[in-house]
Amino acid sequence: MPNPPEPGALRDAILVHGLWMRGLVMGPLAARLTRAGFRCHLFDYTGRARPLAANAERLAHLARQVGAAHFVGHSLGGLVVLDALAREPSLPVGRVALLGTPARGCFAARRLAHFGLGRWLLGESEALWREGRTARWTRPEPLGVIAGTVPIGMGRVFAQLPCVNDGVVCVDETRIDGMAACSVLPVSHSGMLLSARVAESLRAFLELGSFPPHAH
């Protein structure tokens with residue numbers, strides 16, 4: 001069998017959206033990555049109505065069809081990525097980037113889940129938002145995390161968030177033990193999908209395995 005390509009040489013990227021969204025919401029970010037020479041594949045799923053395992057299985061199926069690729073997950077989509085890669089260790093992966101993903105649970109979502117309507121809105125994803133996942137990366141591929149600091153988002157409607165946040169997820173809630181790099185940028189939870197600065201940081205990470213010097 002031929003050796004797999006170096007991570008920086010991979011040009012395929014699978015993009016996974018967050019809760020209450022559909023795949024097209026990743027379109028602006030995909031367009032910027034496409035102009036940088038990537039082939040973007042948008043994964044569409046239903047976070048409310050389907051359990052994590054089912055969505056992770058479908059993502060792994062797409063990944064097998066695409067072949068070696070980078071993974072980019074926004075918000076809940078990052079948890080779908082983490083679960084798929086944990087369940088399928090043989091999947092060929094370049095680099096993995098998570099944007100505003102509540103890896104350690106989400107304070108705002110826990111407050112939202114106190115209400116019946118809130119539990120309905122979160123649906124099958126409620127436990128994920130409440131508890132997160134095991135926030136430890138053990139695969140050999142580099143993992144990069146992008147977090148935002150502009151507190152504009154639905155999370156602030158339900159709770160006074162206790163620390164620096166993107167309006168939904170606190171920066172500390174995005175941290176994962178074993179991550180290769182972290183970038184904290186002045187963007188909101190949804191705004192990071194429209195941000196040229198986020199797209200440039202993501203491009204650099206997928207190609208080089210690190211974020212630009214201005215990304216802290």
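These legends accompany several close-up views of a predicted model.

**View 1. The whole chain, with its helices and strands.**
Let us start with the overall layout of this predicted structure. The chain holds 8 helices and 6 strands, and along the sequence they follow the pattern β-α-β-α-β-α-β-α-α-α-β-α-β-α. Of its 216 residues, 52% count as buried. About 9,600 Å² of the chain is exposed, with carbon and sulfur atoms supplying 57% of that area. Contacts also reach far along the sequence: among those between residues at least 6 apart, 72% join residues at least 24 apart.

**View 2. The open sheet of 6 strands.**
Here the strands are lined up in the order 2-1-3-4-5-6, and their pairing is parallel. Strand 2 and strand 6 (181-185) are the edge strands, each pairing on one side only. From one strand to the next, the twist averages 20 degrees.

**View 3. Strand 1, helix 1 and strand 2.**
Together, these three elements make a right-handed β-α-β unit, with helix 1 spanning residues 27-35. Strand 1 (residues 12-16) pairs in the parallel sense with strand 2 (residues 39-43) over 5 bridges. Look for Ala 13, which stands opposite Cys 40 in strand 2. After helix 1 comes Gly 37, which has a positive phi near 100 degrees.

**View 4. The buried face of helix 1.**
Three residues of helix 1 are buried: Leu 29, Ala 30 and Leu 33. Seen down the axis of helix 1, these buried residues fall within an arc of 100 degrees, so they line one face of the helix. Their packing partners are strand 1, strand 2, strand 3 (69-74), strand 4 (93-99) and helix 8 (196-208). Helix 1 lies across strand 1, strand 2, strand 3 and strand 4, and runs at about 160 degrees to strand 2.

**View 5. Strands 3 and 4, with helix 3 packed on the sheet.**
Strand 3 and strand 4 run parallel and are joined by 5 bridges. One pair to pick out is Gly 73 and its bridge partner in strand 4, Leu 98. Helix 3 (residues 76-87) packs on the sheet, where it touches strand 1, strand 2, strand 3 and strand 4. The direction of helix 3 makes about 140 degrees with that of strand 3.

**View 6. Strand 5 and its two neighbours.**
On one side, strand 5 runs parallel to strand 4, and 4 bridges join the two; here Leu 98 has Val 145 as its bridge partner in strand 5. Strand 5 also runs parallel to strand 6, this time with 5 bridges, and Ala 147 has Val 184 as its bridge partner in strand 6. Leu 143, Val 145 and Ala 147 point one way from strand 5, while Gly 144, Ile 146 and Gly 148 point the other way. This fits a general pattern: in a regular strand the side chains alternate between the two faces of the sheet. In strand 5, 6 of the 6 residues are buried, so the strand is largely enclosed by the rest of the structure.

**View 7. A closer look at Val 145.**
Val 145 lies in strand 5 (residues 143-148). Its relative accessible area is 1%, so Val 145 counts as buried. Leaving aside residues up to four places away in sequence, Val 145 touches Leu 98, Thr 174, Met 179, Ala 181, Cys 182, Ser 183 and Phe 211. Leu 202 is 57 residues from Val 145 in sequence, yet their C-alpha atoms are 9.4 Å apart in space.

Terms used: Residues are numbered from 1 along each chain as its sequence is written. This is a predicted model: local features need pLDDT of at least 70, side-chain atom pairs count only at pLDDT 80 or more; totals for chains, interfaces and linings use all residues. Side-chain values use heavy atoms; hydrogens and water are left out. Helices (H or I, at least four residues) and strands (E, at least two) are DSSP runs, numbered from the N terminus. Buried means under 20% relative accessible area, exposed over 50%, partly exposed in between (1.4 Å probe, protein chains only). Contact means heavy atoms within 4.5 Å. Accessible areas come from the Shrake-Rupley method with a 1.4 Å probe; for residues, only the protein chains shown count as cover. Two strands pair if DSSP finds at least two bridges between them. A crossover is right-handed if, with the strands pointing away from the viewer, the path from the first strand over the helix to the second runs clockwise. The arc is that of the directions from the helix axis to the C-beta atoms. Axes are lines fitted to C-alpha atoms, for helices over the stretch in contact, and angles run from 0 to 180 degrees between N-to-C directions.
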